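Open the structure in your viewer and keep the selection tool at hand. The stops below say what to pick next and what is there.

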Amino acid sequence: MTTEKELWKAAGKRLAAARLRAGYPSQKAFAAAVDLSEPTIAKYEQGAREIPLSLLYWLSDRHGADISWIVSGQVMVAQAKTTSTVSDLPPRTEMLIELMNPLGRLINRIYKEMGVKITDDQRIALLARWYGNLTARIGPSDDWEAMISKLEWVENGIREELTHKAENLSSSKRSAS
């Protein structure tokens, strides 16, 4: 029989996977979003503390995480969702499509944090470009966590681009004066 400690440890790993899927590449970013401390999140993900229902509900409500899967490892299909069509796409393709959501949220967050306005067309072009860069960098991996771990590389790249653009804009304004 599986011990309670083993069950929470497994649930903690699934919580970490759900966090990554929701677009939070680090425990620190996730902790800030849910207004908890980073060590608290770490303890949940290690299985050292029970995951509170309020956190599970937040993940479900905000990011569509399956609470049943996080807790038990089993996917529960809600009655209302049984009418949706099953995809014939290969699992890797499904994962790559799902990767667009956290990537889009990351782009929105960075632009907001850096105070840069972006049009919908610019956002879509940026998402497409970075998605192409990211999938090329991932290679043939079918590991979701490996895919999500590359978001930090994307974040650094976008921040560098914006900083470089701001510096160029600033220097061109100075030379025009």
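Which residues do ring pairs link into a cluster? Select Y24, F30 and W58: ring pairs join these residues into a cluster. Keep in mind throughout that this is a predicted model.

Stay with the rings for a moment. The count of aromatic pairs comes to four. One of them is formed by Y24 and W58, a tilted pair with 6.3 Å from centre to centre and 45 degrees between the planes. The two residues are 34 apart and the pair links distant parts of the chain, with Y24 in the loop between helix 1 (4-21) and helix 2 (27-34) and W58 in helix 4 (residues 53-63). Switch on the surface at these positions: both Y24 and W58 are buried.

Next, select helix 1. Its 18 residues should span 26 Å at 1.5 Å a residue, and the end C-alpha atoms, 25 Å apart, agree with that. Just after helix 1 comes G23, with a positive phi near 95 degrees. Now colour the buried residues of helix 1, which include W8, A11, R14, L15 and L20. Which elements cover them? Helix 2, helix 3 (38-46), helix 4, helix 5 (67-72), helix 7 and helix 9 are among the elements that do so.

Add helix 3 to the selection. The axes of helix 1 and helix 3 come within 5 Å and cross at roughly 125 degrees. The two helices are therefore oblique to each other. To see the contact, show K9, G12, K13, L15, A16 and R19 on helix 1, and Y44, E45 and Q46 on helix 3.

Move on to the nonpolar cores. Which residues have the most contacts inside the largest core? Select L99, L103 and I158; the core they belong to has 22 residues. At least two residues of this core come from each of helix 6 (91-98), helix 7 (100-113), helix 8 (120-138), helix 9 (144-149) and helix 10 (151-176). Centre the view on I158 and leave aside its neighbours within four places in sequence: I158 is then in contact with I107, I110, Y111 and W130.

For the last stop, select V34, I41, Y44 and I51. These residues are among the 18 of another core, which lies apart from the largest one. Y44 is a residue you have already shown, as part of the contact between helix 1 and helix 3.

Conventions: Residues numbered from 1 in each chain as written. Predicted model: local features only at pLDDT ≥ 70, side-chain atom pairs only at ≥ 80, totals over all residues. Heavy atoms only, no water. Phe/Tyr/Trp six-rings, centres within 6.5 Å; stacked < 30°, edge-to-face > 60°. Helix = DSSP H or I, 4+ residues; strand = E, 2+ residues; numbered from the N terminus. Buried < 20%, exposed > 50% of the residue type's maximum accessible area, 1.4 Å probe, protein only. Core = buried A, V, L, I, M, F, W, Y, C linked by side-chain atoms within 4.5 Å. Contact = heavy atoms within 4.5 Å. Expected span 1.5 Å × (residues − 1). Axes fitted to C-alpha atoms, helices over the stretch in contact; angles between N-to-C directions. Parallel < 35°, antiparallel > 145°, perpendicular 65-115°, else oblique.
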